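Subject: Structure for your review

Dear colleague,

Please find the sequence and the structure below. My findings follow directly after them.

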Amino acid sequence: MANETTAQVNPSKDHKSEFDALVVGAGFAGLYQLHCLRDRLGLSVKVLEAGGGVGGTWYWNRYPGARCDSESHVYWYTFSPELMREWEWSERYPGQAEILRYLNFVADRFDLRKDIQLDTRVVAATYDAAANRWRVRTEAGQTFTAKFLITAVGCLSTANVPNIPGLEDFAGEWYHTGQWPHEGVDFTGKRVGMIGTGSTGIQAAPVIAASAEHLTVFQRTANYSVPARNAPLTAEFLRYVKDNTGEIRAITHETLNGMGFRIEERLAVETHPDDRESLYEAAWERGGLQFRAVFQDMLTDKKANDTAADFIKRKIRSIVTDPEKAAILSDIDHPYAAKRPPIDTDYFETYNRPNVSLVDLRQAPIERISRVGIRTTEAEYPVDVIVFATGFDAMTGPTLRMNISGRDGLTLKDAWGAGPVTYLGLQVAGFPNLFTITGPGSPSVLTNMPVAIEQHVDWITDCIKYLNQKGLDRVEARADAADRWVAEVNEMANKTVFPLATHSWYLGANIPGKPRVFMPYAGGMVRYRQICAEVAAGGYEGFTLS
Ligand code: NAP
């Protein structure tokens, strides 16, 4: 089995600079895109990757407790039944190190490394209309050109370190969870301050608290969480996976979020309160994101959502023994799952440890970081280490920072000045032959990511194949099609409770100055897959092919 050491070798030795396609990013998306274009279409392809190894999200996010919230038997590629049978997961939810091993295994299994250049950050990409080529510049000053440019940069890869005054004066160490040191951080005997209680902070807190002298969690917005109930996989389950690869793939193609579970048909608002309570209780015991599947109307009817929200808030108050902490943790201001719902291992239980305290930033916001710690408007908290579990400039951040300019000098920054405008989350008008894997306007972060990624990569591969077969050179989303798509994205979001969480990163609200637009497509993976298939079958409606 491959291990991560092999990933540290940069095997891309050739000095060629002209390719059929350039792919930016070597995570789940980039690896599969390389395989499809090179091995299925026979194109020349180069992948440029900023990290020192493959793995994307799982290369960077090495914070304590980092683990996927999708269950392992659906959090992988399903394009190859052989690959599904060759790899064995060890736990119900795969941990960061295991996923990174898996992606390295895939890179070796499909001989991908030779076409990946590591430690290579793209700093500019410009479309040359006369030559119909993308010219891509790297931080080290290298230039590459290609007919097709495909961004596989992930939705959550631009770390957001909030601009809190005084950080430069802090005498201790500080880290963002999405840029965690490879050698790890030893918290033994240290006082740790962690800012942020999203999925990341909720995973990290219990693990940090287990070794730190003291952990102080700085919470701005209280959050829901449901127990993950992680456990080793049994031999019987592993056998089931090997024997049912086709069925597992099929389920992820039939479910709203590309998950391995189906959402029940029943409605919370029509279920007797006693039955509802039993159903929630059973889902709490089973654990995981599947909690969302208890009722059909949970994310579309606020009254239904209130029943789930109320259940979880009561659970929090029953777990956390200190009434003051329990009140702060359960004072949640948004509907359940309107922000990405975390799952956890002993998160709320962690607040019962004597070495863990909680600061309510809504009561007293952070004023500054001092030489010795974190100062709120009410008190100073001396710490040796600050952990920023403060999230990402999501969805648009990673693409925008590549400084992309399209036809007639139009920059992506300008094109998206009022929020991202895409057609199907796959293309942007004015940017011919540029594809954005799991871009804004696609289901992406509302789904089990590998499923969304495989669908996008397959669609892009088929589109390029179609162009080549027809002797065409260029595909570009039409502006009117993109406008119609944005209307569809808004319409779908407005049918759900998502927009009620006005501070969520789905809306860009976590980044000061970022336009507030609901970015992912909330119409579900099944509907989305069908729309994309129909567009392709209709000769790529909404795109100009030339
Ligand atoms: P996040 O959900 O954006 O949470 C960031 C946290 O930091 C929030 O509690 C936020 O508070 C707080 N924060 C941000 N700026 C702050 C400031 N200036 N002062 C005080 N608090 C501040 O980020 P994340 O937890 O890293 O998760 C991002 C996404 O990554 C998740 O939603 C999920 O999609 C993915 N993820 C997945 C997994 C998994 O599968 N296991 C694990 C981790 C992350 P507010 O809520 O008040 O803004």
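I begin with Asp119, which sits in the loop between β3 (116–117) and β4 (122–128). Helices (H or I, at least four residues) and strands (E, at least two) are DSSP runs, numbered from the N terminus. Asp119 is exposed, as its relative accessible area is 57%; buried means under 20% relative accessible area, exposed over 50%, and partly exposed in between (1.4 Å probe, protein chains only). Its phi is near 50°, a positive value in a residue other than glycine.

Before going further, I should state the basis of these values. The model is predicted, so local features need pLDDT of at least 70 and side-chain atom pairs count only at pLDDT 80 or more, whereas totals for chains, interfaces and linings use all residues. Residues are numbered from 1 along each chain as its sequence is written, and side-chain values use heavy atoms, with hydrogens and water left out.

A second non-glycine residue with a positive phi is Asn433, at about 60°. Asn433 belongs to the loop between α14 (412–415) and β18 (434–436). Unlike an exposed residue, Asn433 is buried, with a relative accessible area of 0%.

The chain as a whole

The secondary structure of the chain comprises 17 helices and 20 strands. For 546 residues, a compact globule would have a radius of gyration near 24 Å, and the value of 23 Å for the chain agrees with this; the radius is taken over C-alpha atoms, and the globule rule is 2.2 Å times the number of residues to the power 0.38. The C-alpha trace spans about 70 × 55 × 50 Å along its principal axes.

Of the 546 residues, 59% count as buried. Among contacts with a separation of 6 or more, 73% come from residues 24 or more positions apart, where contact means heavy atoms within 4.5 Å. The chain exposes about 21,300 Å², and carbon and sulfur atoms supply 50% of that area; accessible areas come from the Shrake-Rupley method with a 1.4 Å probe, and for residues only the protein chains shown count as cover.

The mean positions of the 57 positive and 67 negative charges are 3 Å apart. Here Lys and Arg count as positive and Asp and Glu as negative, while His and the chain ends are not counted. Each charge is placed at NZ of Lys, CZ of Arg, CG of Asp or CD of Glu.

Helix α11 and its surroundings

Helix α11 covers residues 323–330, and its buried residues are Lys325, Ala326, Ile328, Leu329 and Ser330. These buried residues pack against β9 (214–219), α10 (302–319), α12 (347–350) and β12 (356–360). At the N-terminal end of α11, Asp322 acts as a cap, with a side-chain oxygen 2.8 Å from the backbone nitrogen of Glu324.

Leu361 and Thr376

Leu361 is in the loop between β12 and β13 (366–369) and counts as buried at 9% relative accessibility. The C-alpha atoms of Leu361 and Arg220 are 4.7 Å apart, although 141 residues separate the two along the chain. Beyond four places in sequence, Leu361 contacts Phe218, Gln219, Arg220, Ile366 and Thr376.

Thr376 lies in strand β14 (residues 373–376) and is buried at 2% relative accessibility. Its contacts beyond four places in sequence include Phe218, Val359, Leu361 and Tyr381.

Three further buried residues

Ser70 is placed in the loop between α3 (57–60) and α4 (81–86) and is buried at 6% relative accessibility. The side chains of Ser70 and Asn448 are joined by a polar contact of 2.8 Å. A polar contact is a pair of N or O atoms within 3.5 Å; within protein, one must be able to donate a hydrogen and the other to accept it, and residues adjacent in sequence count only if both atoms are side-chain atoms.

Ile460 lies in helix α15 (residues 449–470) and is buried, with a relative accessible area of 0%. Outside its neighbours within four places in sequence, Ile460 is in contact with Gln33, Ile150, Leu426, Phe435 and Ile437.

Ser405 is in strand β17 (residues 404–405) and counts as buried at 16% relative accessibility. The C-alpha atoms of Ser405 and Ala209 are separated by 46 Å.

Yours sincerely
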